[in-house]
Each structure stands twice: as C-alpha cells, then as structure tokens.
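Q: Got a minute to go through this model with me? I'd like the charges before anything else.

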There are 2 protein chains.
Amino acid sequence: MPPAVNLKSLAQALNLSIATVSRALQDSHEVSPQTKERVRALAAELNYQPNAYASSLRRNLSKTIGVVIPEVNNHFFSLAINGIEEVARQHDFHVIIYLTHDDYAREVAIAQYLTGGRIDGLLMSVASGSQDFAHLHKLQENKLPIVFFDRVCEEVSTAKVTTNDYESGFRATQHLLEAGCRHVAHLLVSGNLSIGRSRMQGYAAALQAHGLPYDEDLVLSGGNDQERNATLIKELLERRPEIDGIFASVEHLAIGSYHACQRLGRSIPEQVKIIGFSNLEIAALLNPALTTITQPAYDIGREAAVILLRAVTRKKSVLPAQSLMLESELFARASTAR
Amino acid sequence: MPPAVNLKSLAQALNLSIATVSRALQDSHEVSPQTKERVRALAAELNYQPNAYASSLRRNLSKTIGVVIPEVNNHFFSLAINGIEEVARQHDFHVIIYLTHDDYAREVAIAQYLTGGRIDGLLMSVASGSQDFAHLHKLQENKLPIVFFDRVCEEVSTAKVTTNDYESGFRATQHLLEAGCRHVAHLLVSGNLSIGRSRMQGYAAALQAHGLPYDEDLVLSGGNDQERNATLIKELLERRPEIDGIFASVEHLAIGSYHACQRLGRSIPEQVKIIGFSNLEIAALLNPALTTITQPAYDIGREAAVILLRAVTRKKSVLPAQSLMLESELFARASTAR
DNA sequence: TTATTTACTGGAAACGTTTGCGTAAATAAA
DNA sequence: TTTATTTACGCAAACGTTTCCAGTAAATAA
C-alpha cells in the first residue's frame, strides 16, 4: 500500500497543521492567499482526493441520494434516471440505485439499509406489491427526506411528482371509444397502486360518459412475468371475443397485447385497437405503430430530483406535502386507427 | 434531532461497553450467548442501523461498487445493470451508477471522484470518445480493482468481459450476403472503441470471404444524437443508392436505419435488408421484425460483477489480465428475409 | 495449593475529516 | 503609548465504528 495522500501527509510536507490544510482546500477566508496556493499546488500534484467517508461521518452529510425503483430495464424508469442523474451531477451529488423488482420484501430490506445514514435523500417509486408502509414511515422518522415519483405512496405525507393519470386514463379510453370500440378491456399492473387506481377511475369515467357499462371482467391485473401476461391476455381475448379495444396501463402490457393478438391471429387495429402508456421511442416503428400515452419521464426524474436536492441542501428533513403534476401526451398511431 | 441510536447509546442502555456491543452485533465468539441475545434484542427494538460511513472509514471498505456506463436508457446497459445489481445484492453490496453520456470529460471527472475511496471496485464500459486513458491508470494506481465489460479498454490491463464481437460482425455480414446483399453498409458508433473495431474487422473479413471489396465510404460513424444519425443514414442511402444491406453495430443505429428507410420510401427487406446488434425485447414486433445479434447483456453484467466482487472480497486490488468472452446469438427475422 | 488456560469484558487508539476555540503577531484605533 | 481588532494559524475534540491490548474471574491442570 502506497502511503495514502491525506490531509496529514499534506500538512507534514507543507509544514502546516492539518486544520490549515483542510481550510485551505475549502477556500476558507481564514487562511492566507499564499498558503492556499501552496496547499492547492501540492494537493493537485499529489492528486489528493478527500476521503468521502471521513467527510461524511464528520459532517453528517453524504452528498448521495438514493433511487429506489422497481426495474431499470424499463423505458420510463431509465429515462427518469437520466433526469435524476443530470440534476445530481449539477449539485455534485452521487446516485445510488436500488431495484425492488416489485417485491415488497426487498423494498423493506432496502429501506432498512437506508436508515443507516448512507444517503441524504431518497427518490422512490413504490413496488406494486406494497400494502404496508411502516418501512417508509420509519425512514421519515429517521429524518430522511423522500420524494415519490410516478408510483407515489398516498399514505406518506411528503412531496410527490406524478402525471395526470386520471385524465390520461380518461383520454385513452375516450380515444378508443371515439375510434369505434364498444368493449374496452383495461390492463393494469396492480390495483392498489395509486396511479393504477387513478388510471382505472379515468377508464371507468370515460365508459360512463359514453353510456357504456363498467364490466369488472374486462379489467385484468398483470404481473412482472411477461410470458404469463401474454397468456392471461390471450385467455381474456378468447373468453370475451367481443373485446375490440385494449387500454394498457403500462408499456409491457401493451406489448403483451400485441403478442396475444399475434398468437390469436387478431388483427390490429381492425379487430382490436390498442393504446398503452409507454415511453418506447420506437412505438412508431411497431407493426402496427402503437398509439401511446407518453409520460414526460425525463422531466419527472428531473423535477423530483430538484425538489429533493432543494430540501437536502436546505437541511429540510421532512418535506411539506406537495404534489407536482406533469402532463402526459397522447400520440395517436395506427394501432387505434378506425 | 432524536438522539441517534448508535453503539454508545446501546452500550449505555445495556450497561455494557461499546466494544462488547460492537462484537455482539458481529456475532463474535468472544462474547457470551446471553449477552449477544440481550444486545440483539435491544438493537432490534430500537431499530439500530450501524453508521455506514463510520464503518467504512474504520475498515477501509465501503461495500459499494461503482458502475460507469455511457447511458442507462439503453437496453443493453439496463439489462447489464440488472445482472450487476443481482450479484451485488447477494453480496450485500451497494451499487452507485455514473453516466458518462459518452463524454470523455465526464468520464475523467467521474474517475477523479472515484479515487476518493468511495467505492471498493469498479465496473466500466468506456465512453466512445475516450482516447487517453491516464484517468483509468490513475484508478489502478489507487488500488481500485476494475472490470471492463462490453466496451473494454485495451490499454488497461485488468479483467474484461465481452462478447464474440469479431465473429458476430462476421456472421451478421455473412447473413446479409447470403440473403443476397451485394452492397452492405456498416454503421458503428465509434472507430476507436475496441468492440467497434472487432465488429468492423468481422465485417471486412466477411466481405473478403465473399470476394467483395471493402468500401470505406460504406462505413458510417454515428453519434448520440438520434435525429442526426437518421439524417446521416438517409444521406448515405441517397448518395449510394446501390446499398441493399445495412449492418448496424448498435441498436439505435438500426432504429435510425428504419427511420431513414421510412423517409426515403425504401422498403425493408425488399430494397434494403437490415441487421443490428440489439437487446430489444420487441424486435419481433417491429415493422418489419428486426433481425438481431443479441448479446447476453444480463449475463455480461452478472459475470463482470462476480469477477469484481471476488477480487474485492479477497482484497485483490489489481486484477490479473483476463478475458471472458460470452456468445451472442443471431435471430433471423423479417428484416433480412430474401 | 499454585500455575495455567479459558471465557468474557472494557479501555483506548485509530480511520481522515471538520470545526470550535485559543493565541500570537500584525494592524488599526484611541 | 496603550488598547482593541483583525489576520493567520494550530490544538484538540468530535463523528461512530472496529480492533488491539489488557484485565478479571472462573475453570482446569499441575
């Protein structure tokens, strides 16, 4: 091990005290310009890097934020991460990522970790299986500021960034109805997710507005197993052959619908029209091009990070309950053509 | 601030010394079973979490690995991250992610950070713009074990995980030639990336094997701006209308080719056949379905993480130069049909 | 009975940083 | 001249762990 270059070795080499070297590197006003220059020169020459852990321990600040999401292999979340990382970098913050794989137990374990003071703030999209939120309340008790994005947790009072999910659900359904659909199925990932509920309510309201009945049997809850989803959708389409429209609440369920239709030989959009929430850049290149409700994923990540970092740098540990709602956009494409 | 629960407070409450409490929580053999139980019980009750920074500082070990990649909004990398995270979780390690956006300056800045001892090991896919590798050598001098994956850096001697890029390039090109193409363009992201070179060499070798000339003008270097890529490809297709096959070395260039053909009204695969490296799950749903060379992205991430964590836990700071090469798979689909 | 081991436990140093406080010299004010 | 103030720096404590080094008491061996 080469003798690590730290404040002590710098101080010795410069014949100064550790305190002075530390202050010089922080550009403190209580060290002379000449000394600052000497210190900086040697630090640069020896390639000194402060020990992040010592600094974090002493200052009780880690310059790190955590991001807890279900998956990273998902266009929405990877775009959001891009936004988050952008903001973090501007503030000289580091980003630790944890994946729950939509598993409640993992989410709890991760939350447990996080009470150790490893991060200064948390950005989170809750796992779909989560019902109990004691682990999140514990984080708040530990003075960890939290910002939820997209999959928010209503039971915890803090800042939240979402999109207009109710309205989007309404518009998506309405879009199908206006395209001539009369039997619209709704595929969602989990009924107890707040955004799932909102989209569902929008769906139900649109049906009602068009004088159509809400049929519980047309609502399908999918999971994380893509193959299984495709099978479930296929079974639904077989069981209810009158279905002529599908509103998929998340991207991979729209994809699953394509596969199901392919297997059943149902043509899109002639027999079944499909609209889905999605951040696929290549929705337009699908066969047929997929009509999407597209969330401003990058901006959601950005905004959530901005709110969090503002709180962190101001040492506001508990964020006032606030909701920022961004607008999704509907891109009509071939999959819902008349 | 609620009085933080730490070793000291636990020790006081239990009328024990800090040392004993610490040892009890680590299940040391030199503390009695009864004491261990008492300590554990109170720790659990008070929800004690050890301060990660104090521990890292003292043990000179952070239980954290860094991942430096160009983008996260990319199927290959997000799958790789899934693999990495899986292994890290099994070893109780944390994962910090840094994005270079393929920018050399950012990569250098990130490397600079990383010498601060914040992480115990590094997984890296180098930025396409990187020419000089002093920043990486510095990391090695700082005793940071590095494993490169996919976009490896040949100039740095350490462990590397890649796929059979030369062979894949050869097979991809051969596939087009066997489908009848005579003028095959090659789109790549950067000529000075080692994997880019390998794929390119495979491309050139396949041409030669089929008695076709290598034409430099048919090789196009793309960037990160998708719109610009599509324009460049379009211009190439206009300039050289005889092009009847495209081998895209990365996913988004294949997508760009689709867009370019769409704009020019060239039909795939009748006029132009396209094959591309890609981890798109929905390649089969594109219009037409895209023929792909698919890398085992998840496994690459997994294997790289396994190698790294083995080195980290064995305190091997400098890894022996080794290469692990996994196999890519070619999925023939409609975009290269005769 | 004495010597030696074994089983627990505690004191204190160390990791590298930041920062409150003290102080000497230099300067300004009285 | 004396007295305040400023400037520039050092000492040492603190952050919460881990771990080396002893130390005590009981158990075993001689």
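Q: How many positive and negative side chains does chain A have?
A: Chain A has 33 positive and 36 negative side chains. Lys and Arg count as positive, Asp and Glu as negative; His and the chain ends are left out.

Q: And how far apart are the centres of the two sets?
A: The centres lie 8 Å apart. Each charge is placed at NZ of Lys, CZ of Arg, CG of Asp or CD of Glu.

Q: Ground rules, please?
A: The model is predicted: local features need pLDDT of at least 70, side-chain atom pairs count only at pLDDT 80 or more, and totals for chains, interfaces and linings use all residues. Residues are numbered from 1 along each chain as its sequence is written, chains are lettered from A and ligands numbered from 1 in the order written, and side-chain values use heavy atoms, without hydrogens and water.

Q: What is the secondary structure of chain A?
A: Twelve helices and twelve strands. These are DSSP runs, numbered from the N terminus: H or I of at least four residues for helices, E of at least two for strands.

Q: What radius of gyration does chain A have?
A: Chain A has 25 Å, whereas a compact globule of 338 residues would be near 20 Å. The radius is over C-alpha atoms, and the globule rule is 2.2 Å times the number of residues to the power 0.38. The C-alpha trace spans about 85 × 40 × 35 Å along its principal axes.

Q: What share of chain A is buried?
A: Buried residues make up 56% of the 338. Buried means under 20% relative accessible area, exposed over 50%, partly exposed in between, with a 1.4 Å probe and protein chains only.

Q: How is chain B related to chain A?
A: A 180° rotation with 0.0 Å of shift along its axis superposes chain B on chain A, at RMSD 0.1 Å. So the two copies are related as by a two-fold rotation axis. The fit is least squares on C-alpha atoms of residues with pLDDT of at least 70 in both copies.

Q: Why do you say the copies meet through the same surface?
A: Because 100% of the interface residues of chain B are also interface residues in chain A.

Q: Now A:Y98. Where is A:Y98 placed?
A: A:Y98 is in strand β2 of chain A, residues 94-99.

Q: Buried or exposed?
A: A:Y98 is buried, at 5% relative accessible area.

Q: Which residues does A:Y98 touch?
A: Leaving out residues up to four places away in sequence, A:Y98 touches A:V67, A:V68, A:I69, A:I110, A:L114 and A:R118, plus B:E85 and B:H94 from chain B. Contact means heavy atoms within 4.5 Å.

Q: Switching to backbone oddities. What's the usual case?
A: Most residues other than glycine have a negative phi, and most peptide bonds are trans.

Q: Which peptide bond is cis before B:P269?
A: The bond from B:I268 to B:P269, with omega near 5°. B:P269 sits in the loop between α11 (251-264) and β9 (273-277) of chain B. Another cis bond joins B:N287 and B:P288, with omega about -5°. B:P288 is in the loop between β9 and β10 (291-294).

Q: What about phi at A:N60?
A: A:N60 is not a glycine, yet has a positive phi of about 60°. A:N60 lies in the loop between α4 (52-59) and β1 (64-69) of chain A. A:N60 is exposed, at 54% relative accessible area.

Q: And B:D92, what phi there?
A: A positive phi of about 65°, again without being a glycine. B:D92 is partly exposed, at 40%.
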